[in-house]
Amino acid sequence: MAQETTDSLGVMSYDEPKDFEIGGIKVTGADHADDNAVASIAGFKVGKKIRIPGPGIQKAIKALWKLRLFTDVQVLLEKTVGDVVFLEIIVQERPRLSGHSFVGAKKSQHDDLNDEVNKFLLKGGIVNENIKVNAKEAVEEFYVGKGFLDASVRVQETPDSARINSVKLIFHVDRGERIKIQNISFTGNDNIKAKKLLKQFDETKQKTRLFASSKFIGDEYEKDKKNLITYYNNNGFRDAKILRDSVWREEDGDLMLRLAIEEGNRYYFRNITWKGNSIYRSEDLSKVLKISKGDVFNPELLESRLRFSQDDGDVSTLYMDNGYLFFNVDPVEVAIIGDSIDLEMRIFEGPQASIDKVTIQGNDRTHEHVIRRELRTLPNEKFSRSDIIRSQREIMNLGYFNPENLGINTPVNPDRGTVDIEYQVEERPSDQLELSAGWGGRRRVIGTLGVSFNNFSLRNIFNKEAWHPLPQGDGQRLSLRAQTNGDFYQSYNISFTEPWMGGKKPNSLTVAGFFNRFAFGLRGTENRQRFNIWQGSVSLGTRLKWPDDNFISSTALNIQTLSLNNWFQGLFRTDDGNTVATGEFYNFSIKQTIARSTVNNPIFPQDGSTISLSVQATLPYSLLFNRNKDYSELPDAEKFRWLEYHKWRFDAEWYTPIIGKLTLKAAAKIGIIGFYNKDIGTSPFERFQLGGDGINNQQFGFAGVDIISMRGYEIADLEANRENPADPNSQNIATPIFDKFTVELRFPLSLNPSSTIYVLAFAQGGNAWRRMRDFNPFDLKRSVGFGLRVFLPMFGTLGFDYGIGLDKNGDRTLQNLGDFNIILGFEPE
C-alpha cells in the first residue's frame, strides 16, 4: 500500500525537486468565482505533471494575481499518495461593492452623478484602487464640466456589516467655487472686431455678458474655436487660423483667455463655371446659385445654395424636384489668382428616379386612405423632394400624429432607378372634451359640456366593432356643445365636417346649427328681457390649383333668425345711436373666403403663414325691392327686419424661426362692415367688439357680434366701445370697424404631443371706430406683456396673458395699466 503524506510546499526541499502527477485540486475562499475556472487559470489540471518545487507553482500564483480579484493567494500541498499530489488553492477575495453614496453634492445632482460613477461601479462587483480612482475622476470631471474647475473628491471605503466581505463607497465632494472667465481677448484680428468674434463663442463666454453663464469647459472651448474659424472662413478669410491660445488663472481665481489669430487675406468669388450639366443651362443654374462675381468668398453660403437651403431655392432641389435623386455637385477650386477664386461646379446628373412603393406605418387609429389622400408622392411618378416636404406638412396639419416623431425613409434601388418612400407616424389623441363651470356675474354659474371628435367615422356608426369608444379614423369632425345656467342662458350647437366629400377630391362639406337663448327677469312679466338666435349653415370648400395648391376657397350659406324682446343691454345700436331692443330680424347671407396656409405645425407653428380674406354679404333688399321707400321714417324693428350689409375680414399670421425653436409670430386683423343704403345705415348686428379676453364670443355665443380679444385692455377701455365715449362706465356697444396688429416671440418648453407648452412675449396694437371717415390704421392702443400656453389634446388650449395697456387712461400704475386674460379651450381671435 502506498504511503499517504501531507505537507506544505514551503517545507519541501528545493535541492531535491520531484515530479508529481496532479491527483486533485481544491479551491478555498473563492465564494464569487467558479472553482474550476480558478484552477484552470492557475494552469492546474488533474492528470497533468508538475515539478515541486518548480516554476509551475510560481506561474499559477502570478496568473491568479493578475486577475486583481484577490488580496491573498496561496498554493498548498494537501497530501501525496506516492507520485500523486493533491493541491489546495487558498484565495482571499477582494471586497464586493454593496452600494455607494454622495456627501456634499446636491440631491438634484445625484441621478447625474450615479450615471457617471456607474460607468465604473457595479453593485456586487469587486472594489479595487483602479475602480475607485476612475469613479473619483468621473465625479470630478462632472463638476469641471459645470465650471467648478477646483472640484475635489475623496473616496471613503467602509465595511458593510450587513454583508460578508462587502464595502460601501462614500464620495465626499467639495466642488469649490465656479470658476468664471474674466476676459477673452484676441490679437491679430485686424479686420473683424472682437465683439463679433465673441459672439461666435456659444459656450465659452465672459462673465461680463448680461444673462450669459460663464464657465470654462475644455471640449466646448475647442468647439467654439472651430466656430471662430468657420466665421472667418464665411467672411472670406479662407486661410484664417489660430496660431496659439493661452489660458491662465488670475489671483482671484478667474480665468483669462487670449487667442492669437492669423487672418490671412480676404478672398472673393470670381468665375463660376458648370460642367456636366445637360438638363439645365449654365445660365439658369447660376441664377439659382445667386452668387455673383466679386461677392465675398463664403463656403457656407455656397453649400446652402447648392444643397438644401431653407427656402428650397438651391441647385440640388431644382434637380431633385425633377426626379434626379442621384444628382450630385462637387465645387472644385480650379484657380486662385490674387484674392480671387475660380470655381468649377462638377455635376453628376444621373438618371431620373421614379417612386416605386409608398408605405405608411404606425397609423393604429387613422385609416390609411385618410393619410394617402394628403400625400403628394404617388407610385410611378417622378421623385420630388418638394413633394415629400409638402406631404410631411400635410400629414402634420391633420393633427392626428406626433410631429416630433414623424419619420420619412427613402430606400433607393439604384439598379432599377426607383425609390421607395416610407412614412412612419405615431398616433396621438386628437379629440377634445370641454367640461367646466364658471361664474357669469348676473348670469350666475354657467355649466359647459362639449365634445369634439376630430377623427370621426360616420360610415362606421352602425358597426359595433368600430366603437373604441366611438367610430374613428375617417378624418371627419363632429362637434357637440351645450351651455346653460337654467332659464337665464342656454346655448346648443352641433357641426359636422367631411373634409373629402366623395372621397376623391379635397372638397369639404360642413353642416352646422345652433340655438342661443339669453334672458333676464321673471317669465310672464313686462320687464322680461329675451334674446334668441337660431342659425343653420352649409359650407362648401375646395382646394385651388391656382396660384398654387396652398389656396382654399370656401363658400358658406347662412340662415339666421334673431328675436329680441325688451333687450336693453345696449349692445346693438344704429348709426344714429338708437338701441335695437325688440323685433324679429332675419339674416340671410353668403360668405366667401379665400385662404392660404403654409404653416408646418398647427399647434406650434415655426414656419409658414396663414392669410385669409372673407366677405359676407346679404342681398341689398332695399335697393332691389323697395327702392322708393322712405326708410328714414320707419322704426328700427321694421327698417332692419331683413338685415342688409357687406362685411369684410382680413386675417394674416406669419411665423419665422429666429434661433433654434425661438419663433417670431406677426399677425394682422382688420374688419369692416358696410351698408348699401345710406337711409338705412350700418346694420346693428354683425359688428365687432374689440377688447377683453374674447371668451364671451365662445361663452355666450353671440352670433350677432364678432368679439375680438385685446390684451391689456378691457372692452370699456376703448372709447369707441362706449355708448358715451367720455364715460368709461357707460354701456358697451359694438362698432363697424376695427384693426389689430400683433408681434409675438414664442419659445416652447415642451413639444410633447400630450402637453405642448410654450411661453410668449408680445407687443400689440389695435383700435375700433364708429365711422369710416374716422378710421386711422395708425391710431392704435398699444400694449405689451407676456403669456403662457398649454395645449392638452383632450381640453384644447389653456393659458393666460398679462398685458400692460400703454395708452390707457387714468393712473400710470401697474394696477391700472395691467390686465390678465384667461384662455380656456381655444385661442381667442
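This is a short walk through one structure, from its strands and loops to its rings, its hollows and a few backbone details. The model is predicted, so please read each distance and angle below as a value computed from that model.

A good place to begin is strand E32, which covers residues 737-752. Ser-750 lies in this strand, and a polar atom of its side chain is 3.2 Å from the backbone nitrogen of Asn-752. If we set aside neighbours within four places in sequence, Ser-750 is in contact with Ser-755, Thr-756 and Ile-757.

Phe-741 is found in strand E32 as well. With a relative accessibility of 28%, Phe-741 counts as partly exposed, because that value falls between the 20% limit for buried and the 50% limit for exposed. Its contacts, again leaving out neighbours within four places, are Ala-667, Ala-668, Ala-763, Gln-764, Gly-765, Pro-777 and Leu-780. For one of these, Gln-764, the separation is 23 residues in sequence, while the two C-alpha atoms are 5.7 Å apart in space.

Leading into E32 is a loop that starts after strand E31 (705-708), and Ser-709 is found there. Is Ser-709 buried or exposed? Its relative accessibility is 7%, so Ser-709 counts as buried. Beyond its neighbours within four places in sequence, Ser-709 is in contact with Leu-690, Gly-691, Gly-692, Asp-693, Gly-694, Lys-740, Pro-828 and Glu-829.

Strand E28 (residues 646-659) holds Ile-658. This residue is partly exposed, with a relative accessible area of 43%. Not counting residues up to four places away in sequence, Ile-658 touches Thr-663, Leu-664 and Leu-745. Lys-48 is 610 residues from Ile-658 along the chain, and their C-alpha atoms are separated by 77 Å.

Let us turn to the aromatic rings. How many aromatic pairs does a search of the whole structure find? The search finds 27. One example is Tyr-621 with Phe-625: the ring centres are 6.5 Å apart and the planes meet at 25 degrees, so the pair is stacked. The cut-off behind that word is an angle under 30 degrees between the planes. The two partners have contrasting surroundings: Tyr-621 counts as buried at 12% relative accessibility, whereas Phe-625 is exposed, with a relative accessible area of 57%. Elsewhere, Tyr-280, Tyr-319, Tyr-324 and Phe-327 form one aromatic cluster.

Rings also take part in arrangements with charged side chains. The charged end of Arg-238 sits over the ring of Tyr-267, at 5.5 Å from the ring centre. In a second case, the ring of Phe-762 has the charged end of Arg-711 over it, 4.1 Å from the centre.

Next come the hollows. The second largest pocket contains about 750 Å³ of space. Its lining is made up of 24 residues, and those nearest the centre are Gln-310, Ile-389, Gln-392, Asn-600 and Asp-607. Which element gives the largest share of this lining? It is helix H11 (residues 385-397), which contributes 8 residues.

As for enclosed space, there are 2 cavities of 30 Å³ or more. The largest cavity has a volume of about 50 Å³, and its lining consists of Pro-403, Glu-404, Arg-428, Asn-601, Ile-603, Phe-604, Leu-751 and Thr-756. Thr-756 will be familiar as a contact of Ser-750.

Finally, some backbone details are worth a look. The peptide bond from Ile-52 to Pro-53 is cis, with omega near -15 degrees; Pro-53 is in the loop between strand E3 (49-52) and helix H2 (55-66). Trp-546 and Pro-547 are also joined by a cis peptide bond, with omega about 0 degrees. Pro-547 belongs to the loop between strand E24 (529-543) and strand E25 (551-565).

Positive phi values turn up in residues other than glycine. Asn-165 has a phi of about 55 degrees, is placed in the loop between strand E7 (152-159) and strand E8 (166-174), and is partly exposed at 29% relative accessible area. Lys-290 has a phi near 60 degrees. Its loop runs between helix H7 (282-289) and helix H8 (299-306), and at 58% relative accessibility Lys-290 counts as exposed.

Conventions: Residues numbered from 1 in each chain as written. Predicted model: local features only at pLDDT ≥ 70, side-chain atom pairs only at ≥ 80, totals over all residues. Heavy atoms only, no water. Helix = DSSP H or I, 4+ residues; strand = E, 2+ residues; numbered from the N terminus. Polar contact = N/O pair within 3.5 Å; in protein donor to acceptor, adjacent residues only side chain to side chain. Contact = heavy atoms within 4.5 Å. Phe/Tyr/Trp six-rings, centres within 6.5 Å; stacked < 30°, edge-to-face > 60°. Buried < 20%, exposed > 50% of the residue type's maximum accessible area, 1.4 Å probe, protein only. Lys NZ or Arg CZ within 6 Å of the ring centre and 35° of its normal. 1 Å grid on protein atoms, 1.4 Å probe; cavity = no way out; pocket = protein on both sides within 12 Å on 5 of 7 lines; lining within 4 Å. Points joined across faces, edges and corners; volume = space filled by probe spheres on them.
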